[in-house]
Amino acid sequence: MNTLTKMALGMIGQLKPQPAQGDAARTLTLPPPQTEGGLPLMQALHQRQSQREFDAAPLEPQTLSNLMWAAAGINRPLLEGRTAPSAMNSQEIDVYVALPEGLYRYDPSAHALRLVSATDVRRVTGYQDFVDRAPLDLIFVADHARIKAVPVAQRESYASAAAGAMAQNVYLFCASAGLATVIRAWIDRQALSQAMGLEADQQILLAQTVGRPEKPA
Ligand SMILES: Cc1cc2nc3c(=O)[nH]c(=O)nc-3n(C[C@H](O)[C@H](O)[C@H](O)COP(=O)(O)O)c2cc1C
């Protein structure tokens, strides 16, 4: 769906998810992440970039596993420490994954995706047209109930910094794995919040599209 149509539908409250493609499992258990290998860090930094042309093919389970672990996985099990920092280790950002078969929330402890809604939410994750077709869109959602120790006025900036760190992890993983990605803030937040069934304390911060780069025609 093109940007203008999304904007027009958004204005009348009609930017909605599409029916799911295929059956959505209640839990998608991911294979263990591959935490070794990949490009050396300086080479990944050298190749980091935003790309906006995606092949529609789904990512393999191992690639999806590595991606989610890079974004928000547990890298120090004894401390439940994560691959990305958060203020006072609040871990207030949930990463949702919009797949054609359903909307999932990443559960770092189980390293699994939990079904939130058996609908295809991809096109509601941003005004740009490529978000509909790419195999997945991540959505970074702050749960402000988890950062009660931080003064209200600072919660959003702290949470945005934490989401930004996750997004950069995803950028570097994508650079290493030869995937395309772009972080996005241009979102109809009201439409997406409704489509995701978010609670009052939950705030959409950013979305990020991931997929293989589109093959040349
Ligand atoms: C907070 C933030 C919001 C962004 N929002 C969008 C967006 O909505 N759509 C988009 O295509 N790119 C978005 N970008 C990506 C920037 O356009 C991109 O990073 C910039 O053009 C530099 O390109 P590079 O990432 O390849 O270095 C955003 C980047 C940031 C940091």
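In what order do the seven strands of the open sheet lie? The order is β2-β7-β6-β5-β9-β11-β10, and the pairing is antiparallel.

## Basis of the model

This is a predicted model, in which local features need pLDDT of at least 70 and side-chain atom pairs count only at pLDDT 80 or more, while totals for chains, interfaces and linings use all residues. Residues are numbered from 1 along each chain as its sequence is written, and side-chain values use heavy atoms, with hydrogens and water left out.

## The sheet and its edges

Helices (H or I, at least four residues) and strands (E, at least two) are DSSP runs, numbered from the N terminus. Two strands count as paired if DSSP finds at least two bridges between them. At the edges of the sheet are β2 (27-29) and β10 (180-184), each of which pairs on one side only. On average, neighbouring strands are turned by 25° against each other, direction ignored; axes here are lines fitted to C-alpha atoms, for helices over the stretch in contact, and angles run from 0 to 180 degrees between N-to-C directions.

At one edge, β2 and β7 run antiparallel and are joined by three bridges, with Leu28 bridged to Leu113 in β7. At the other edge, β10 pairs with β11 (residues 202-211) in the antiparallel sense over five bridges. Val182 has Thr209 of β11 as its bridge partner.

## Two hairpins around β6

β5 and β6 are antiparallel and share four bridges. They form a hairpin with two residues between them, and Ala98 has Leu103 in β6 as its bridge partner. β6 is also joined to β7, by five bridges and again antiparallel. The hairpin of β6 and β7 has four residues between the strands, and His111 in its turn has a positive phi of about 45°. Bridge partners in β7 include Ala112 for Asp107 and Arg114 for Arg105.

Five of the six residues of β6 are buried, so this strand is largely enclosed by the rest of the structure. Buried means under 20% relative accessible area, exposed over 50%, and partly exposed in between (1.4 Å probe, protein chains only).

Ser117 lies in β7 and is buried, with a relative accessible area of 17%. Its side chain makes a polar contact with the side chain of Thr119 (2.7 Å). A polar contact is a pair of N or O atoms within 3.5 Å; within protein, one must be able to donate a hydrogen and the other to accept it, and residues adjacent in sequence count only if both atoms are side-chain atoms. Leaving out residues up to four places away in sequence, Ser117 touches Gly102 and Leu103, where contact means heavy atoms within 4.5 Å.

## Helices across the sheet

Helix α5 (residues 152-177) lies across β5 (93-99), β9 (136-143), β10 and β11, and runs at about 10° to β11. Helix α6 (residues 189-196) runs at about 90° to β11 and lies across β5, β6 (102-107), β7 (112-117), β9 and β11.

Which residues of α6 are buried? They are Ala191, Leu192, Ala195 and Met196. Seen down the axis of α6, these residues fall within an arc of 125°, so they line one face of the helix; the arc is that of the directions from the helix axis to the C-beta atoms. Their cover includes β5, β6, β7, β9 and β11. Gln190 and Gln194 are exposed on the other side of α6. After α6 comes Gly197, with a positive phi near 65°.

## Nonpolar cores

A nonpolar core is a set of buried Ala, Val, Leu, Ile, Met, Phe, Trp, Tyr and Cys residues joined through side-chain atoms within 4.5 Å. The largest one has 32 residues, of which Leu67 and Met68 touch the most other members. At least two residues of this core come from each of α3 (61-72), β5, β6, β9, α5 and β11. The largest share, eight residues, is supplied by α5.

Not counting residues up to four places away in sequence, Met68 touches Leu30, Gly73, Val95, Val97, Tyr106, Leu113 and Leu138. Apart from the largest core lies another, of 16 residues, including Val141, Ile187, Leu198 and Ile204.
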